[in-house]
Structure formats: structure tokens, C-alpha cells
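Visitor: I'm new to this one and would like some help reading it. Could you show it to me and walk me through a few features?

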Amino acid sequence: MSNEEHQGDALENLLQENRKFPPSEEFAATAVAKPAIYDEAKSEGTEFWARQARELLTWDTDFTQTLDWSDAPFAKWFVGGTVNAAYNALDRHVEQGNGDRVAIYFEGEPGDTRTYTYAQLTEEVKKAANAFESLGVSKGDRVAVYLPMIPEAVITMLACARIGAVHSVVFGGFSADALRSRIDDAEAKLVVTSDGTYRRGKPSSLKPAVDQALKKEGHTVTSVVVVKRNGEPVEWQDGLDLWWHDIVDSASAEHTAVAHDAEHPLFILYTSGTTGKPKGILHTTGGYLTQSAYTHKNVFDLKPEKDVFWCTADIGWVTGHTYVTYGPLLNGTTQLMYEGTPDTPHQGRWWELVEKYKVSILYTAPTAIRTMMKWGDEIPAKYDLSSIRVLGSVGEPINPEAWMWYRRVIGADKAPVVDTWWQTETGATMISPLPGITVTKPGSAQVPLPGISVDVVDEMGQSVPNGSGGYLVIREPWPSMLRGIWGDPERFKETYWSRFDNMYFAGDGAKKDADGDIWLMGRVDDVMNISGHRLSTTEIESALVSHPSVAEAAVVGARDETTGEAVVAFVILRGSAKSDDDIVTTLRNHVGQEIGPIAKPRHILVVPELPKTRSGKIMRRLLKDVAEGREVGDASTLADATVMQQIATSMRK
Ligand code: WTA
């Protein structure tokens, strides 16, 4: 309900947005995607995807059927085909004579650098594949990856893909407990981690979280491979821990990639849903690779011989999977990988890197754009950003002002901005303008990509007319769609396919403008979006009530100018607990421990009661009003009408 109100406000603002930016003739003339692609996709149907799959990937065995949807919603794409992801991302570029092209420019936070050509990266991945196999990891085994943004993260993912092991990357900002539950759910055999990384100029550790996670008996892990990154002392368990440099560096650089079935699992990536337990989103090989390469090439207007691509996302999120590891390497791109934070050692660091590496395509999140906007135009103005020609945004709705700033200050008023909508579940971009074709509008993701069928529907599942809002759905299966939730087929059906008949329910609210372009309005469920990171209100509530001092908790995402949303928690303490500053700090840290620092509530308010309906449902809408400093809305369905009064009073205190 609160989301509808939210949408109401946002709609008002959008209706006033009428700036439009047609592509320049110059850009359009040499653009990768030609306008005809939309008609081709429409007339060819699934054959369009068969063509993309054959053009973009090298198959060992050609597929015999493009799509088998007979067991919907469980899709099979490119049936009968076999393909190796690592061969496609690496070896074939070397075989085609591009071994000397740079694959990765790595810049560490302290300023150390490494460069990997395609030939070198191929060799590293072959060695890692041999090393993992020597540890008993084989096809189908799961490997948990808990690494910072260093080349070994990409090498590990591709080494797994090469041997058919399934990687499950866990963001380094998640706690030991969160790591353990993901290791358990996936039954991982191997964990790849590092001693640590650098954060804001200081070494920060990772290995202790792995030690902590594996302390309790009963896990499935037989080896932990540790990359030496910051040289900090680490605890060592003989028989379990192994240094990367001991086992990978000495491994053979000969390794033949065996092709895997198109539907062989490629990775699991855990993401937050509406219930407390994160879900392991499963992606398979052929379809995921096809759409990753297709979107990376067309959405960013990629010219692999000359572009330098930089996606700032961490490997721990899906954006880092599709647009750091897979899309760019499948397309033979040269990319920049940066370990650190944008303000270390100074606020111009990103722009210094753009200048240094002549980055031509930049892909980042609105929260970063808004932060840099706040730091001021004079910072980017100090650097030569003339190499930039395409700008991408992802992760949350981008407000028109941030979009305008991005285009004007970073893109010299001419680089097209592509606002790309997608999810962990969709695997790759679904809605986005195409540079050189689409007349862009600040704040809108606009049009489904050719081959993708997206709609906005009302409560009843009816398509809404232009000018109206509703729920975002996907009408037809797509190659990189999730194939399920790891170990929980029922939850997969229930979560995505039960809300509307024969349609995928994304969980986002959206609106069609007068031209039929799509504007994303944020989540309509209990998922929050904090700086582009997905967190569930229930997950944080469960973490809070697991603390002995807490009797009940309700969490809401309150609108925030920079981070999009901020976590605000309302807690009722148990009789014995005291409500002072200490308890707030204790509870924040407790959430940090249960989930990770990113989930720590910005504010925790101790309240005597929570607003509930007569059936006992917490009315988060009212709490959101309080958290956002608004007049509290209609409270007439509350079981106890005085509750909001009590909360307001305790807030004033
Ligand atoms: C939101 C990240 C508006 C949306 C790739 C979605 C966006 C969730 C956009 C998925 C965008 C992502 N405009 N909202 N361009 N991109 N979102 O799984 O709510 O981390 O459902 O995938 O982020 O987040 P996830």
C-alpha cells in the first residue's frame, strides 16, 4: 500500500519530465545495434535467440531445439547443445589471434597494478582449473567464492566454469553467519578466499570470517584456498587451508576444456526475497552466456578492438557476474577492474582511473552517481574524461537529476546514458535503451530489449494502457532466466509464477508513459534497495528478534537521497532489557554479525508497541510514514488506535 502512495508521488514528478535526447547522427552511423533489430526479433521469435546463440558463442555440439517450455516455468534453452563457458570467454580469443589483447587492467586500492592479456588470463584459469581438480573438485560440485575485487575472483569463477563446478559467490561484506548458511545451502566442497583486501587505505580481513563460518562442525567443505592479498597474519588449519600461490602457481598450464550441456548449472547466487531465508538463484550455461554476451554487446555499443569497459560492481552481486566476468570476456573486451572505494585516497579516484585507462564505457549505480554529484562538479572536472562514450546505470531507479548530471558532467553532454533494468533472477539486462537508436529520457529504462517481452499489468493481470502504472511482468521466457531456486522448486513457482497466470512477476512496480516507455518505481514487496543492494525487511527483522533483548521488530526502507533507501528498524524490547543508546549500538552490531555490515539499520527506534491490524499484521506503511517524517496516513484499521500516538511520542524522546 505504501508503495502505491510512493508511486503516486513519483508519478506526479515523472509526468513533468519531458526532456529527450535523440542519438547523434555520428553515433547512430557506427552503432553496433541497428534499428532493424527490433523487427527482426519480433518476426523471428525464439529463432532470434538461436541466431544470437550461434553468432556470439562457439558451441562444441550445436543445439537441436531452441526452447523447450513444455515443463513451464522450468525452461530448457538450446537443447542438446554443448558449450564451455571458459573456452568461450578465453581460449577462443587466443585461438583467433587476440591473445595479446588486454583482458583485465587491475588497479588495487593501494595503487598496485596488474595487466592480464587474454593469453595470460587463459593460462591462469587453466592452472586454477587443474589445482581445483587436484583438490577433488569435479563437475557439478559447488565452490563458494568469498573474495574481494581482485583478478583471482574472475579466475576462480572461470576455472569453476571450465571444469563444470558451480560457483556460488558470496559478497565479501556478508558476515561469517551469512557465509555459513550459503555454504550449507549449496553444500559447497571448496571455499576460495583471501587473507583480506584493502578498504579506505587500510588492510581489512576476510579469512577470519571463513574460519569463523567453518568453526561449527557439520559442514561440507574439504579445502579452503587462500589468496595472499594484503599479507596480514592469518590463522591456519593444516589439512584444510591451502595457499593459492602454493597450489595454483605450480599447477600445469595445460588444460583442455570439456564442453558441458547447455543446461548444466553454471552458478548459484544468493539474493534476498520476501522471506527471511535468502534464495539461491540458479543459472545454467548456454542461455545465460548467450544473453550476457548479447546484452553486453548491444546495450553498451561494444567495439572490442578499441573500447575499455569498466563495470564498478562487485563480483559478489549479479552485475559483477554478468558484466565483469562473463559478458565482457565472452565478447573479447578489455576491461578495468578496481579493488577499492571511490574516495580512497581522494574523491577523484574514479575519474583518475578513467583518464589513466581511457575508459570508454562506464557502468555504475545511481547511488554512486548521487554521491559524486554531492562531492561536486569540480572533482571530475580536474580529469580528462574525453574517452567516455557510453554511460550505463543499474541497480535502482535513477532519478532524472542524477541522470542529467551523469550525462552532462561525466558524459560531456553527449555520451548516451543507458538505464538498464534487470535482476539476479533475469541474469542479464531486460529493459534498456539502445545507444544510437533510442531517444533517451532521463530516469526511464524505457524499452524491452529486442527479443524480450515485458509488460505492466494491473491487479488482475491485464495490460495497463499508456499513462498508467501497475506491476512489471515478463510474458515470454528468455535465455538467461533463472532455472529455479537451488533445492526449492516449489518456492520458485510460488515466488515468481503464482501471482499472475503464465507471467513472471518481477516484484517491481512500473508505469508506462504516454509513449509506452517504462519507468521503474521500486519494489512492491518486502525487498529493500539500499545503495543498489538487495535486502529483505524480514531477513533483518529475523536478525533483530534473534537477539535476546528483542521481543518484536519491524523494518522498513525509508527514502534516502543518496542510498535510495535506508534501513529503519522499530523494536520492542523484552521486559528485562533497557532502552538506552547501548542497546541501539548492540542491536546494530548484532545485525552486522548476523547478515553483514550492509544490513545494519541506519536508525533503530525502541517503541512500546507496533501498529498492527486486527488480524495481527504489522502495518509497515504507517511506520514508513514515521521513518520518512511524513504525517501518518490512515490508521483506522489498527487494532489499537493509540499505538501511532505512542510511537510518535517515543520518537520525540
Ligand atoms: C532494482 C541488480 C530501477 C529492481 C541487477 C530489481 C532497478 C532489483 C534497476 C534487482 C533499474 C535494478 N531501475 N530499478 N535500472 N535495476 N533495479 O537482483 O527493484 O541485485 O528488482 O539485480 O533492483 O536487484 P538485483
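Guide: Let's start with a term: contact means heavy atoms within 4.5 Å. Helices (H or I, at least four residues) and strands (E, at least two) are DSSP runs, numbered from the N terminus. What you see is a predicted model, where local features need pLDDT of at least 70, side-chain atom pairs count only at pLDDT 80 or more, and totals for chains, interfaces and linings use all residues. Residues are numbered from 1 along each chain as its sequence is written, and side-chain values use heavy atoms, with hydrogens and water left out.

Visitor: Let's try a helix, then. What covers the buried residues of α14?

Guide: Buried means under 20% relative accessible area, exposed over 50%, partly exposed in between (1.4 Å probe, protein chains only). The cover over the buried residues of α14 includes α13, β18 (361–364), α15 (378–381), β19 (390–394), α16 (400–410) and β29 (564–573). Helix α14 spans residues 366–375, and seven of its ten residues are buried, so the rest of the structure largely encloses it. Among the buried ones are Pro366, Ile369, Arg370 and Trp375. After α14 comes Gly376, with a positive phi near 110 degrees.

Visitor: Which residues have the most contacts inside the largest nonpolar core?

Guide: In soluble globular proteins, nonpolar side chains tend to be buried together. A nonpolar core is a set of buried Ala, Val, Leu, Ile, Met, Phe, Trp, Tyr and Cys residues joined through side-chain atoms within 4.5 Å. Here the largest has 112 residues, and Phe132, Trp244, Phe300, Tyr326, Trp421 and Leu472 have the most contacts inside it. Helix α7 (residues 151–163) gives the most to this core, nine residues. There is also a second, separate core of 42 residues, including Ala176, Val191, Ala213 and Ile595.

Visitor: And what is Leu472 in contact with?

Guide: Skip its neighbours within four places in sequence, and its contacts include Trp421, Ile431, Tyr504, Phe505 and Leu520.

Visitor: Now the ligand. How many residues surround it?

Guide: A residue counts as near a molecule or strand if one of its heavy atoms lies within 4 Å of it. By that rule 17 residues surround the ligand, and the closest are Asp419, Thr420, Thr424, Asp508 and Arg534. They divide into six nonpolar, six polar and five charged. For those classes, Ala, Val, Leu, Ile, Met, Phe, Trp, Tyr, Cys and Pro are nonpolar, Asp, Glu, Lys and Arg are charged, and the others, Gly among them, are polar. The elements α12 (318–330), β20 (417–420) and β25 (518–523) each supply at least two residues of this shell.

Visitor: Which atom of the ligand is 2.7 Å from the side chain of Asp419?

Guide: A nitrogen atom of the ligand, paired with an N or O atom of Asp419. Oxygen atoms of the ligand also have partners: a polar side-chain atom of Gln423 lies 3.0 Å from one, and a polar side-chain atom of Thr424 lies 2.5 Å from one. The protein covers 97% of the 520 Å² of accessible area that the ligand has on its own.

Visitor: Where are the cis peptide bonds?

Guide: One joins Ala72 and Pro73, with omega about 5 degrees, and Pro73 sits in the loop between β1 (65–68) and β2 (76–79). Another runs from Thr344 to Pro345, with omega near -5 degrees.

Visitor: Is Phe78 buried or exposed?

Guide: Phe78 is buried, with a relative accessible area of 0%. This residue lies in strand β2, and its phi is positive, near 55 degrees, though Phe78 is not a glycine.

Methods:
Polar contact = N/O pair within 3.5 Å; in protein donor to acceptor, adjacent residues only side chain to side chain. Areas by Shrake-Rupley, 256 points an atom, 1.4 Å probe, with all protein chains shown as cover.
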